[in-house]
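Please open the model in your viewer and keep the selection panel at hand. The tour below moves from one selection to the next and says what is found at each stop.

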Amino acid sequence: MNFKRFYKYGSPPNYFRLCLKYENWFTVPGCLLIIIGCYGGLFLAPPDYQMGDAFRIIYFHVPSAYLSMSAYAYMALAALVGIVWRSNVAFSVAKSIAPFGASFTFLALVTGMLWGKPMWGTAWVWDARLTSEFILLLLYLGYILLHASIREQKKADRASSVLAIVGVINLPIIHYSVVWWNTLHQASTISKLSSPSIAGEMLWPLLVMIFGYGLFFWGVICRSGATELLKREKRSNWIKEYVEEYQS
Amino acid sequence: MMEVLSMGEYGFFVWSSFLISIFVLLINYLCAHREFISELNKVKLNK
Amino acid sequence: MNRNFLQLDSLELYREDHLIFTDISFQIESGDHMVIRGVNGSGKTSLIRTICGLTQADKGKVLWNGASIDESLFNYYEQLSYLGHKNGLIPELTLDENLDYGIGQIDKDGQDQVIDGFRLGDLRESLIQNLSNGESRKTALSRVVSSKKPLWVLDEPYANLDSNSINYLNNRIGDHISTGGIVITSTNRDDSITTKTTELLLGS
Amino acid sequence: MNIYLKTFVREIKVSMKRWSDILTGVIMFVLVAIIFPLTVGSDQMFLIKIIGPVMLLSALLASLISMQNIFKPDFLNGSLEQLALSHHSLNGLILMKILSYWATSSLPLVVVSIFIASTYYVTGLSLGVVVATVLLSSTTLVNISALAAALTLSVRYPGALMTLILFPLSLPILIFGSKAIEYSIVGIDSSGPFYFLTGMMLLSFSLGPIATAFAIRISLD
C-alpha cells in the first residue's frame, strides 16, 4: 500500500481542488446515462408479459435501492478511515453521503410502494426487501440525527462514525433476519422485482440506470463533500486562498 | 402518444415514480451546490 | 523516584471556530510545580484536559518522558493522577468506599494520614451526598494526594477550601515535588500558592 | 482484589443504592406486558400466540427507559473520566459496568418474566424457553443500549435519539427471540433461533465493550 499517495490526495486542499475539478466528469456522464436509461426503460424496453408496463418502475426502484445499500457501505468505510487516520476529508465524505443515501432509501421505498400498489393491490406489503430498506432508512436517520444533536463538529464526526461502523456490521444481520422472518410468514411471496431471467433488451436500460445513478452520486458527493470540508477547515490558509482566487 | 403515456393503465404509477426520482436527484444536486455557495459566503464574511 | 519529564509541543485547540489556545510549549520535570493562570474562560480546563489526554489537540503533542502520550496511553496513565472540576466521587457511597476504589496503587497508611490532615477523620462513614462542597473536594483531593503517582494534575484545587486545608494541600504539594514529583495546577487566584512555581499565563 | 472484579462489585453496590432505577425498568416491563391482555382480551389461544413478541417488546422498552442510567450519573459526577484515565484497559472496565448493569437491570426481568408468562397461560417446557429467551436476548440488548447511551452522553435530551439508534440494531434480536418462543409453543424445535441468539450474544460481548469504550472517550472529549 502506498500511503504517501493516500496522504497526498487525502490532504484537504488536494481533495478539495480535485473534487471541484472533476465533479463534472461524474455528473455530466451520470446525467447522460440516466437520460438514456430513462428513454430505454420507458419507451424502448418491451412490456413484461406478466406485469405489463408496471415493471418499468424497476428502472427507478432498483438503482436507488442498490445505491442506498452501497452508499451505506461507502459511508461506513469513510467513517472507518476517518476514525483511524483522523482525516477530516473522510469525515466530510461520510457526512455528505448520509443525507444523499437517506434520500435514495426514501426513493427506493416510495417507488417500491408505487410498484406494489398495482401489483399487490396495497402499497405496503411486509416484504423482506422493503422492510430492510425501511430499517436502512432508520439507520441513516440515526446517523444524521446523532450528528446534528452533538454540538461540536469533531465530536459529532467521531461519534456518528462509530454508529455508522456498528450499523454496517449489523446491516447484513438485520437483512438476513428480516429475510428469514419473511420467508416464514409468507411462503410464496411475489416480491421478486427483477425476475432472474430478464431479457437483454429489458436489462440494458437497467444497467445503464445503475451506472448513471452511481456516477451522479459520486458527482454530488464531490460537491457536498467539498462543502463539508469547507465547514471543517474554515480556519486554514488554503481555504482563504481559495476564496480569494474564487472572488477574482 | 396517449398510448405511450398511459402505459396500459399503469401510467400513473410509472410516471409518478419517474417524476419523483428525477425530483429527488435534482433536489440533491441543487442543495449540494447551494450549500456550497452559502458556506463559501460564510468564510468570506468571517475573513 | 525516577526523573520524569513532561513536554508540551506547540499545542493548539479550537472549539468550533473559537481559538482556545495556540502554540503552547513548555517542559517541566521532576521537582517542578507548574501553575496555569488565567481568568475564567481562558482555556485552563481545556489545557488541563489536553494534558491528560482527555481532549485531543488540533495541533501539537503531549510527550511524557519523550514519548507521545497517544502512543503509550496506559503507560502514561500509570503515572498520572488527575482531579478535574468534577470530583469523580459517587454520591451514594461513603467516603471510605469511594477512596477504596482508587484505580492504581494506594498507600493505605499514607491515605489515613491525608484524611486526618484534611480533617475528614470523622466523616469516613458518611455518604458523599451528605458532605458539603468543601468536604467532597477534600475527599477527592486526598485521593490524588495519597496516590503514589509522580504526576499530579489538579484543576482548580483550591476552590471551596478553607485556609487550613489550603495550607495542608500546599505542604503536601511541597513534599511531593521535593521527592521528585511533578505537579500541574490551574487557578485564577494569586494568593493560594506558596511553593516555588513556574507559571503559564493563559488568555493574555 | 482484581480491579475488574472490584469494579463489578462496586457497580452492583451502587446500583443497589439506586434501586429506584432498577424498579422503573421492572415496572415498565410489567406494565407493557399486562397492557395486552387488558386491551386485546384474555383469550387463551391469542395470548399464548403473542407471548413471544410481548416479552421482547417489554424487554426492549424496559431497557429503553433505564438505559440512560448506565453512564449518565457517572458522567455527571466525573467518575467516568476517572475511569477513562485509569491505566487498566477501559474496554475491560466498561465490560464490567455492562455486566453489572445487566445483572441489576435484566436479571430482575428474567425473574418477572416467569410470572408474566404464567399469566399468559404458558406452561411446562415453554415457560423455560421464555425465560431462556429473555435471558439471552437481554445480554445483547444491554450491549446495544450501552453503546447507544455512550454515543449520546453529551446530547442534552437523548431520549428519541437513543430509541432511533437502539431499534434497528436490536431488530434481529426481536425477530429471533419471538421466533424462539413461538416455535416452542407451537411445538417445533426452537434450537435454531437459540443458536442465533447465542451467536448475537457472543458478537455483542466481543465488540460491544470496545465500541462503547471508544464512544465514551469521544463523549468525554
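Among contacts in chain D between residues at least 6 apart in sequence, what percentage join residues at least 24 apart? The share is 80%, where two residues count as in contact if their C-beta atoms, placed from the backbone, lie within 7 Å.

Before going further, note that this is a predicted model, in which local features need pLDDT of at least 70 and side-chain atom pairs count only at pLDDT 80 or more, while totals for chains, interfaces and linings use all residues. Residues are numbered from 1 along each chain as its sequence is written, and chains are lettered from A and ligands numbered from 1 in the order in which they are written.

**Chain D**

Select chain D and display it as a cartoon: its secondary structure comes to 10 helices and zero strands, helices (H or I, at least four residues) and strands (E, at least two) being DSSP runs numbered from the N terminus. The radius of gyration of chain D, taken over C-alpha atoms, is 18 Å, close to the 17 Å that the globule rule gives for 221 residues, so chain D is as compact as a globular protein of that length; the rule itself is 2.2 Å times the number of residues to the power 0.38. Along its principal axes the C-alpha trace of chain D spans about 55 × 35 × 30 Å. Buried residues make up 52% of the chain, a residue being buried if 20 or more other C-beta atoms, placed from the backbone, lie within 10 Å of its own, exposed if 12 or fewer, and partly exposed in between.

**The sheet of chain C**

Next, select chain C and look for the open sheet of five strands, which has the order 6-7-8-3-9 with parallel pairing; two strands pair if DSSP finds at least two bridges between them. Strand 6 (80-83) and strand 9 (198-201) of chain C stand at the edges, each with a single partner strand, so one side of each has no neighbour in the sheet. From one strand to the next, the twist averages 15°, with axes fitted as lines to C-alpha atoms, for helices over the stretch in contact, and angles running from 0 to 180 degrees between N-to-C directions.

Then pick out strand 3 (residues 33-37) and strand 8 (residues 182-187) of chain C, which run parallel and are joined by five bridges; V35(C) has T185(C) as its bridge partner in strand 8 of chain C. Helix 6 (residues 163-178) of chain C packs on the sheet, touching strand 3, strand 7 and strand 8 of chain C, and its direction makes about 145° with that of strand 8 of chain C.

**Helix 1 of chain C**

Select residues 44-51 of chain C, which form helix 1 and lie across strand 3, strand 7 (151-155) and strand 8 of chain C, running at about 155° to strand 7 of chain C. Six of the eight residues of helix 1 of chain C are buried, so the helix is largely enclosed by the rest of the structure; among them are K44(C) and R49(C). Helix 1 of chain C is followed by G53(C), whose phi is positive, near 85°.

**Between the chains**

Finally, show chains A and B, which share the most contacts of the four pairs of chains in contact. Here 25 residues of chain B are in contact with 33 residues of chain A, and helix 2 (residues 11-46) of chain B provides the largest share of the chain B side, 20 residues. No contact joins chain B and chain D, whose closest C-alpha atoms lie 24 Å apart.
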